[in-house]
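Visitor: Could you walk me through this structure, please? I have not seen it before.

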Amino acid sequence: MTNINAEISRLTNKDVKIRRRAVRALFEEDDASALRGFVKLLDDSDFWFRNKALDAHRKWAKSPEELEPLMANNKQVVAELLQKIPAPEIAKSLLEEEDHVIRSFAAKSLSKSTDLHSRFAKDEHHSVRIVAAENSEDLELLSSLISDKHAAVRRAAISTASSNQMDLGEDTLKIGLDSNDPALRSLVASLAVKYGGDIFEMACKDNDPKVRKSIADTLRTDVDKVDSRIETAADICPEIIVRWLRSKYDKDASLLRWSMIENTSLNSRLRSKLIEQMEGRDDTDQERLAAILEDSSNLVKIAAQNLSQSIQELEG
């Protein structure tokens, strides 16, 4: 077993080879008490020893006091270590640094300090502002960050508001839906399902696949019965409702499905998919099916024929 104190004393030996062997021995021993021997090496003239001193602090530092020696010339390392060492006073002092990487690490370590969120939100760099967007529960603050100039901050603010079920208000949501960022609009569209009305109609008019998928997924999760939102979506973006109807067979859902199947202005592929949804069921409206068997679209006609055949097989 290595004699820790003996190896620490060798760190200042005049012979570079002895010093290097001592460094290696201490790292192999992996004893946190060896850290005290590396403090002097932080200012060593040899880059190799300075680098090893930093590695030692990354490896063994556990307290704010052990971070203090790094504050003179290695604040970025201190900022990194704040992610595992609670040192709020040091972190607050690092918020004053010009380097945004240091400020970002410091802000992350202080993310639960609600009194600092407004300060983070005003920082010139988005990596700090995003800490406020991800952690604040202040509705007014999040609403302001939804208008942030950086897309990542806007997305984080919407995501936080959504996960906390906050009522952002339609005006704020409209700002999000006017964004050029599809990922942000998809988050807002999910919230718009809750509101319905004009804001939901605005979301449904978005042609981006991410946005429409978000609406479809939210409708499947949150809406069980045909209501004004389902009717709006069926009118504006029927492909969303085709997915929603996949597992719906109550009276209102069946009426909506048939009204879409009979709507010749709809895409034939969507109409045929709606017909396919009824295969294997014994409650199909035979009169309406008979009319569809004469449809002008071959795709719809084939789907209707297949459905008719499956009904006959069910009846024996």
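Here is a short conversation about the model shown above.

Visitor: What are the numbers of helices and strands in the protein?
Guide: A good place to begin, and please keep in mind that this is a predicted model. The protein has zero strands. Its helices number 22.

Visitor: What is the radius of gyration of the protein, set beside that of a compact globule of 316 residues?
Guide: Along its principal axes, the C-alpha trace spans about 100 × 45 × 25 Å. For a compact globule of 316 residues, one would expect a radius of gyration near 20 Å. The protein, however, has 32 Å.

Visitor: How much of the accessible surface of the protein belongs to carbon and sulfur atoms?
Guide: Let's start from the whole surface, which comes to about 16,700 Å². The part that belongs to carbon and sulfur atoms is 45%.

Visitor: Is Ser 111 buried or exposed?
Guide: Ser 111 sits in the loop between helix H8 (100-109) and helix H9 (117-121). Leaving aside neighbours within four places in sequence, Ser 111 is in contact with His 117, Val 131 and Asn 135. Its relative accessible area is 13%. Because the cut-off for this class is under 20%, Ser 111 counts as buried.

Visitor: And Ser 265, is that residue buried or exposed?
Guide: Ser 265 is also a loop residue, found between helix H19 (251-261) and helix H20 (268-276). Its relative accessibility is 62%. Since the class in question begins over 50%, Ser 265 counts as exposed.

Visitor: Which residue has a side chain joined to that of Ser 265 by a polar contact?
Guide: Happy to point to the partner! The polar contact between the two side chains is 2.5 Å. The residue joined to Ser 265 in this way is Asn 263.

Visitor: How far apart are the C-alpha atoms of Ser 265 and Glu 29?
Guide: Along the chain, Ser 265 and Glu 29 are 236 residues apart. In space, their C-alpha atoms are separated by 77 Å.

Visitor: Which residue caps the N-terminal end of H8?
Guide: Look for a side-chain oxygen 2.8 Å from the backbone nitrogen of Val 101. The residue that provides this oxygen, and so caps the N-terminal end of H8, is Asp 99.

Visitor: Which helices do the buried residues of H8 pack against?
Guide: The buried residues of H8 are Ile 102, Arg 103, Ser 104, Ala 106 and Ala 107. They pack against helix H6 (75-81), helix H7 (88-94), H9 and helix H10 (126-135).

Conventions
Residues numbered from 1 in each chain as written. Predicted model: local features only at pLDDT ≥ 70, side-chain atom pairs only at ≥ 80, totals over all residues. Heavy atoms only, no water. Helix = DSSP H or I, 4+ residues; strand = E, 2+ residues; numbered from the N terminus. Buried < 20%, exposed > 50% of the residue type's maximum accessible area, 1.4 Å probe, protein only. Contact = heavy atoms within 4.5 Å. Polar contact = N/O pair within 3.5 Å; in protein donor to acceptor, adjacent residues only side chain to side chain. Rg over C-alpha atoms; globule rule 2.2 N^0.38 Å. Areas by Shrake-Rupley, 256 points an atom, 1.4 Å probe, with all protein chains shown as cover.
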